[in-house]
Amino acid sequence: MTPYEAALNMFNREQERWKQWVVFYFGCIVSIFVIGEKAKDYVPPWLLPLLCCFVSILLVVVATALRASTDAWRKTILYMEINNQEDSKDFKVFHIQEAEWEKFNCLNDFKETICVWKKDTIKRVTRSVTRLLTLFAIISVFCFILLSIVFYNNPTKEFHHTIEIRNFSEITRSIQAHTKQVDSIHKKILMIESRINQIEKTVGEYNKANSADAKSRAAD
């Protein structure tokens with residue numbers, strides 16, 4: 001494999017990483033809302049878009065880093081083509097790529113991506129898929145922040161309803177537990193009363209027997 005072929009392979013590898021991260025991003029967003037739906041009785045609605053916002057910020061950071069590496073490999077390939085180094089076997093392709101990567105200014109690139117109101121910026125953004133994906137991630141961050149604020153200030157009735165049902169269930173279980181305790185105490189009281197009645201009956205029979213015995217002795 002020549003250095004030029006290695007550079008092409010690395011450039012294609014960066015393109016594959018873009019696809020992997022986009023799939024990972026949408027998978028995370030879907031997973032967050034699916035888990036939130038399953039655990040809606042315990043998860044407040046505003047937490048879901050907040051988590052999605054965090055994932056979107058992560059995508060912006062990753063997209064900026066991927067843009068830097070992709071741009072470095074693209075410039076390396078162009079440098080080799082301009083200098084007719086496609087068939088060279090001694091070209092230090094990774095050294096050139098590293099130097100180009102160091103020249104990449106992430107902050108300036110980020111500014112160019114978000115300044116879509118400028119004429120020259122619009123052309124660069126619309127002609128670059130990676131810039132469009134980065135811009136999409138940035139817009140997603142603000143959308144999820146806004147959605148989280150809306151949910152926080154106006155919680156859904158369903159969430160309040162589930163909270164009330166859960167609280168009512170807890171109260172019901174507490175009442176049932178106390179009722180069982182009362183029933184147990186009541187049964188014990190009835191057993192004690194029954195025992196007292198038996199003792200009183202035994203004492204009465206004993207008194208009658210003693211009274212009859214005393215009368216028979218007095219008659220004698």
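**Entry 1. Glu100 and Thr76**

I take a residue as buried when its relative accessible area is under 20%. I apply this cut-off to Glu100 in a model that is predicted. Glu100 has a relative accessible area of 15%, so I record Glu100 as buried. I located Glu100 in helix H3, which covers residues 93-103. I then looked up its contacts, leaving aside neighbours within four places in sequence, and found Ala72, Lys75 and Thr76.

I turned next to Thr76, which belongs to helix H2, residues 47-82. Is Thr76 buried or exposed? I noted a relative accessible area of 0%, and therefore Thr76 is buried. Not counting residues up to four places away in sequence, Thr76 touches Val93, Ile96, Gln97 and Glu100.

**Entry 2. The chain as a whole**

I counted the secondary-structure elements and obtained 7 helices and 0 strands in the protein chain. Read along the sequence, the pattern is α-α-α-α-α-α-α. The protein chain has 220 residues, and I noted that 27% of them count as buried. I also looked up how far apart in sequence the contacting residues are. Among contacts with a separation of 6 or more, 74% come from residues 24 or more positions apart.

**Entry 3. The nonpolar cores**

I recorded that nonpolar side chains tend to be buried together in soluble globular proteins. With this in mind I looked up the nonpolar cores. Which residues of the largest nonpolar core touch the most other members? Of its 14 residues, I listed Tyr25, Ile29, Ile32, Cys52, Val55, Val60 and Phe144. I found that helix H1 (3-38), H2 and H6 each supply at least two residues of this core. H2 gives the most, with 6 residues.

I also noted a second, separate core of 7 residues, including Ala7, Trp73, Met80 and Val93.

I examined Val60 of the largest core in detail. Leaving aside its neighbours within four places in sequence, Val60 is in contact with Phe110, Ala137, Ile138 and Val141.

**Entry 4. Helices H4 and H6**

I recorded that two packed helices are described by the angle between their axes and the distance between the axes. For helix H4 (residues 106-114) and helix H6 (residues 129-153), I noted an angle of about 80° and axes 9 Å apart. H4 is therefore roughly perpendicular to H6. On the H4 side, I listed Asp109, Phe110, Glu112, Thr113 and Ile114 as making the contact. On the H6 side, I listed Arg131, Thr134, Leu135 and Ile138. I sorted the residues of this contact into 4 nonpolar, 2 polar and 3 charged.

I also looked up Leu107, which is found in helix H4. Leu107 has 52% relative accessibility, so I record Leu107 as exposed. Its C-alpha atom is separated by 9.0 Å from that of Thr64, although the two residues are 43 residues apart along the chain.

**Entry 5. Aromatic rings**

I searched the whole structure for aromatic pairs and noted 5 of them. I examined the pair of Tyr25 and Phe136. The ring centres are 6.3 Å apart and the planes stand at 85°, so I describe the pair as edge-to-face. Tyr25 lies in helix H1 and Phe136 in helix H6, so this pair ties together parts that are 111 residues apart in sequence. I compared the accessibility of the partners: Tyr25 is buried, with a relative accessible area of 3%, whereas Phe136 is partly exposed, with 36%. I also recorded one aromatic cluster formed by Tyr25, Phe26 and Phe136.

**Entry 6. Helices H1 and H2**

I looked up Leu66, whose place is in helix H2. Leu66 has 2% relative accessibility and therefore counts as buried. Which residues is Leu66 in contact with, leaving aside its neighbours within four places in sequence? I listed Glu14, Arg17, Trp18 and Trp21. I also noted that the C-alpha atoms of Leu66 and Gln15 are separated by 8.9 Å, while the residues are 51 residues apart along the chain.

I closed with Cys28, whose place is in helix H1. Cys28 is at 19% relative accessibility, so I count Cys28 as buried. From Cys28 to Val55 I noted 7.4 Å in space, C-alpha to C-alpha, and 27 residues in sequence. Val55 was already in my list for the largest nonpolar core.

Key: Residues are numbered from 1 along each chain as its sequence is written. This is a predicted model: local features need pLDDT of at least 70, side-chain atom pairs count only at pLDDT 80 or more; totals for chains, interfaces and linings use all residues. Side-chain values use heavy atoms; hydrogens and water are left out. Axes are lines fitted to C-alpha atoms, for helices over the stretch in contact, and angles run from 0 to 180 degrees between N-to-C directions. Helices (H or I, at least four residues) and strands (E, at least two) are DSSP runs, numbered from the N terminus. Angles under 35 degrees count as roughly parallel, over 145 as roughly antiparallel, 65 to 115 as roughly perpendicular and the rest as oblique. Contact means heavy atoms within 4.5 Å. Ala, Val, Leu, Ile, Met, Phe, Trp, Tyr, Cys and Pro count as nonpolar, Asp, Glu, Lys and Arg as charged, and the others, Gly among them, as polar. Buried means under 20% relative accessible area, exposed over 50%, partly exposed in between (1.4 Å probe, protein chains only). A nonpolar core is a set of buried Ala, Val, Leu, Ile, Met, Phe, Trp, Tyr and Cys residues joined through side-chain atoms within 4.5 Å. Rings of Phe, Tyr and Trp (its six-membered ring) pair if their centres lie within 6.5 Å; planes under 30 degrees apart count as stacked, over 60 as edge-to-face and the rest as tilted.
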